[in-house]
Amino acid sequence: MLATHLDVFNIVQAKFLAAEVVKSINLNVSIVDGPQNNSNRILALVEYNNSFALFVLVSSRTQPVSFSDLSIETVVPVDQSFACETEPVAGQNHVILVIKYKQNRYEYNIEVGKESCNFAAELIRSKEVVSTSKPNFTWLEKYFGTMNQSNRNSDPISDQSEFVLVRDGMTQGQTAINRESMLRYQLKLRDSEFTQKQEFTIFVGTWNVNGQPCSASLRSWLSYDENPPDVYAIGFQEIDLSKEAFIFNDTPREAEWQKLVMDGLHPNAKYRLVALARLVGMQLAVMINNQHYQHVRNVSFDTVGTGLLGKMGNKGGVAVRLELHNTSLCFVNCHLAAHVEEYERRNQDYKDINARINFRRNPPAIKDHDQVYWLGDLNYRITDLSNTQVKVLLQRNETNALLKVDQLNQQRERGNVLLDYLEGDITFQPTYKFDLFTDVYDTSEKARPPAWTDRILWRGRGIHQLYYRSHMDLKVSDHKPVSALFKSEISVVDPTKYRKVHEDLLKKMDKHENEFLPQVTVDQTEVTFDLVKFREPQCRDIIIANTGVVPAEFEFIKKLDESFYCKDWLRIVPFSGSINPGEKCDVRLEVNLETDLDTLDDILVLHLKGGKDMFIIVNGTCQKSCFTQSLSSLVRIQVPILHLSDEEWNLARNNISPIYYSVPRELWLLVDYLYRHGLKTRDLFESCALHEELIHIRDWLDCGSQEPIPGTPQAIAESLLLFLSYTKDPVIPFELQDVCIAAANNFENCRQLILQKVNDIHRTVFLYVCMFLQELLRYSNDNGYDAKTLASLFGDILLRDQIRNSKPQASRGKANFVYNFLMNDLSSSLLPK
C-alpha cells in the first residue's frame, strides 16, 4: 500500500469495532451524474464473523485525518441479493461500478488501477464466501442509525422500516436509553413536519455614549422605521466612566439609560423586557413585543471582563440568550481594546469573550445558537492613513477605498476574528470620533482619524438584513448610534401537528425501549501537556464520536469526595452535551497554571447518560515561577528562581535558608521600575497589557537577564498586580481579613493590627506597597489617581479572598482599610513598638 492509502485504511478501520475487519478500501469514489468535485467517497468492504458488507463513506475532508471525518452514506449487505458489475466509459481512465441490491441500484465512478483491481477481487471473494453460508447481518443495524439522513429511507436491510431505529436482532438485557434524549433527537429529525418558518423583525442597536448623561429622547434611533419590530436588542458602551463604576461595578446610569430605552421604543407596540445585562459601562437590553412574550423561554445571560488582570470590566462583553418559539437566539454586546495599534488585543478580546461566555444552559456557548447577533464598539480603526487623508476620501465619497484599510475587514479576511459572521454593506459615514454635540470629526490636538468602530454582524440561517445605518442626530457622545434591522426566520411550532408527531414517536419508542445503549468512542484517553508555565494557557482537543444509533448525552462528572468534575487548573469546554448518531463533539481541555504545582494530574470521568463511564487521564509537568510562591520563600533567594538548584529551592521554601531581603527581590524590581518610569503615567493600572508582554516580564523575573526589564509602564503595573494577586498567601492573611474590615473606620486600630498580628515579612511588604501608592498620589495631577481609587483597586488584592472571584466586584470594607494607610504617615508603623 502507498503511505497515503495505508493512512486512510487505518482511519477507516478506526470507524468500526475491533472485530469488524476492513478487508479493502477504494478511494476517490464519486457518484455517477452527481455534482462536480464529489469524489470524497470511500468504498470499504468490512467482514464480521464470516459476513460481509459494503460501506460507502463520505469524508468531510479531501483526505480524512480522523475517523470522525467520516460519515456513513450507504450500507449494503453482501448476501444472495447482492450483485456487482462494471461498465466501461469510452476514452476515460475510470469505470462505473454498479451495485445492485434487491430493488436498489447504486452507480459509482472508480479509477482503473491496482487499487480498484484489489478491491474488486476482495468483493468477488466475499460473494463466494457467503454463497455457501447463511450470514447474520444484525451487526449492521447499529450503522443504519448513523447513516446520512438522505439514505435512511432506502435501508437495504429493512425496506419496511418506519423508524430510524432498526427493529430486530439486538442482544437482550441491555439497559434502556434515556427516553427524553431519544425523543428530542427524533423530534429534531422530524421538526419539518410540525414547524414552519415565520419572519420576525429584529432591531439591533449599539451606541458608545462616552460616559455622557442623556435626557434627550432616543425615539429617532429606536423608532426609526414605520413598523414596530418584534424584538429589540440595544447595547451601550461607556454608560459610566467613573472610577466608582470601574472598581465596584455599580452605577445609577443603568436605570437611567434603560428608562430612556423603554421610552424610546416604537409607539405602535407594547414591549416587555426579556433580559438586562451589564458589566461596568457595557449594557445590553433585550425587549420583545408583548404578543410574543409567551413564546420566550430559557433566558440566560453572562458577562466577561477582558480588562486589567483579565477580568476588569472596562473592556469585555455581555451576552443574552433566549429561545423564541423553536429557535435559539444569542445577542452579544462588546467593547474591545482601544487605540489604533492594538488590533491584536482586540482580536484576543473577541476570542476571550467567545471562549468564556457560559450561559449554563444547553447550548452553553455563543457559537452553538441558531442565530447570533454581535454588536458593539469593536474599536477597529483605519490603518496607514492620516486624519487628513481619511477626511479627503470621505469628502470624495470614496468609502470603498477606506473600507479596504478598515482593520476589522482586514482581520476578518485573514481569519483572525469574526470569521463566520456576515456584515451588511456600510453606506454610512464613520461613527467615530466627533466633537461633542456636533457632526464635526475630531478637531482636538490628538485629531484621531474617523473610523467605523461601531458595528453589527450576524451568523446563522434565515437572517436577512434590511437596513444598516447610523443616526447622526444624536450628538451627546463622540460616537454616533448604529442600528440594523433584520428580517429573521423563526421556527414556529404547530401544536396540533406537534402532538401528532410526538404521540407517533412515543408509540414507536415503546417498542424499542430496551434495545439500545448509547455508544461513543474517544480518540485519546490520556492527554499530556507540554511544560506548563504560570498563566500561559495550553489547549488540547479530544474528539467524542457517537458510534451508536441513539443520541449520546455526555457529561464530565465529579469523582467521589471531590467537589468539582476537574481540578481548578483545568477548564473543559463543553463539559456536557448531546451528540447525535454519526456525529462528533470536539472537547477542548485548557490548562492555566495559577498555583504552585510540580505536576498536573487528574482523572476525568466522562459519563454517558444511560451508558457506561469512561476515564481520561490528564497530566503534565509544571515550571515554578516567582508569581506563585510564598513571600517568606522569595525573601530567602538571591537569584532568579529558575537559577536555583532543587536543594537550594527546598531550603528556601521550607524557610530554612536565611532571609536576604526585607521584601522579595521581584517585588522590588517591579516597584523600582514604576518609581522611575510610571509615577506620571495616566491611568497606570487601568490599561490591559498584551498577554505576550506579561509572559516576557514573567520570564525576565524567573530566568533573569542582563537586559532591562521588558514592557511598558502599564504592563509592569499589571505584572505588579498579578504578583500580589497570586503569591501563595495573601499579603494580609485570610484569618485577619474580617478583623481588618471591622477596624477600617479607625487608623490607629488598623495600624495596631498590622503591627501586632501580621508577621514581619508580610507587614513589611504591605507597608512597602502602601508607601509606593502614597508616592503615586503625589503625582495625581499627572496620573489621574486619587486615594479612594487606589485603595479600592489594591484592597481586593492585598486582602484577597480564598476563593478567587472572576467578576470585577471590589469590597468597600477592604478599600477602607487600605485607604487608612494611604492617608496617614506610615513612619511610625515600620517597626512594632
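These legends go with close-up views of a predicted model.

**View A. Phe16 and Phe55 meet edge-to-face.** Start with the geometry: the two ring centres are 4.8 Å apart, and the planes make an angle of 75°. That counts as edge-to-face because the planes are over 60 degrees apart. Phe16 comes from the loop between helix 1 (3–14) and strand 1 (21–31), while Phe55 belongs to strand 3 (residues 51–59), so this pair ties together parts 39 residues apart in sequence. Both Phe16 and Phe55 are buried. Zoom out a little and they turn up in one aromatic cluster along with Tyr48 and Trp139. For the whole model, the count of aromatic pairs comes to 30.

**View B. Arg272 sits over the ring of Tyr293.** Here the charged end of Arg272 is 3.8 Å from the centre of the Tyr293 ring. Another arginine to look for is Arg459, which lies over the face of Tyr421 at 5.9 Å from the ring centre.

**View C. Phe766 in contact with residues such as Phe817 and Phe821.** The largest nonpolar core has 73 residues, and Phe766 is listed among those with the most contacts inside it, together with Phe685, Leu724, Phe817 and Phe821. Helix 20 (residues 760–777) puts in the largest share of this core, with eleven residues. If you skip the neighbours within four places in sequence, Phe766 still touches Val731, Ile732, Ile754 and Leu798, as well as Phe817 and Phe821. A second core of 45 residues is separate from this one, and includes Ala275, Ile288, Phe331 and Leu375.

**View D. Helix 15 packs against helix 20.** The axes of helix 15 (residues 665–677) and helix 20 are 11 Å apart, at an angle of about 10°. That makes the two helices roughly parallel. On the helix 15 side, look for Leu667, Trp668, Val671, Leu674 and Tyr675. Facing them from helix 20 are Val765, Tyr768, Met771, Phe772 and Glu775.

**View E. Helix 19 packs against helix 23.** What angle do helix 19 (residues 747–757) and helix 23 (residues 812–822) make? It is about 90°, with the axes 10 Å apart. These two helices are therefore roughly perpendicular to each other. Helix 19 brings Phe747, Cys750, Arg751 and Ile754 to the meeting, and helix 23 brings Phe817, Asn820 and Phe821. You've already come across Ile754, Phe817 and Phe821 as contacts of Phe766.

Notes:
Residues are numbered from 1 along each chain as its sequence is written. This is a predicted model: local features need pLDDT of at least 70, side-chain atom pairs count only at pLDDT 80 or more; totals for chains, interfaces and linings use all residues. Side-chain values use heavy atoms; hydrogens and water are left out. Rings of Phe, Tyr and Trp (its six-membered ring) pair if their centres lie within 6.5 Å; planes under 30 degrees apart count as stacked, over 60 as edge-to-face and the rest as tilted. Helices (H or I, at least four residues) and strands (E, at least two) are DSSP runs, numbered from the N terminus. Buried means under 20% relative accessible area, exposed over 50%, partly exposed in between (1.4 Å probe, protein chains only). A charge sits over a ring if NZ of Lys or CZ of Arg is within 6 Å of the ring centre and within 35 degrees of the ring normal. A nonpolar core is a set of buried Ala, Val, Leu, Ile, Met, Phe, Trp, Tyr and Cys residues joined through side-chain atoms within 4.5 Å. Contact means heavy atoms within 4.5 Å. Axes are lines fitted to C-alpha atoms, for helices over the stretch in contact, and angles run from 0 to 180 degrees between N-to-C directions. Angles under 35 degrees count as roughly parallel, over 145 as roughly antiparallel, 65 to 115 as roughly perpendicular and the rest as oblique.
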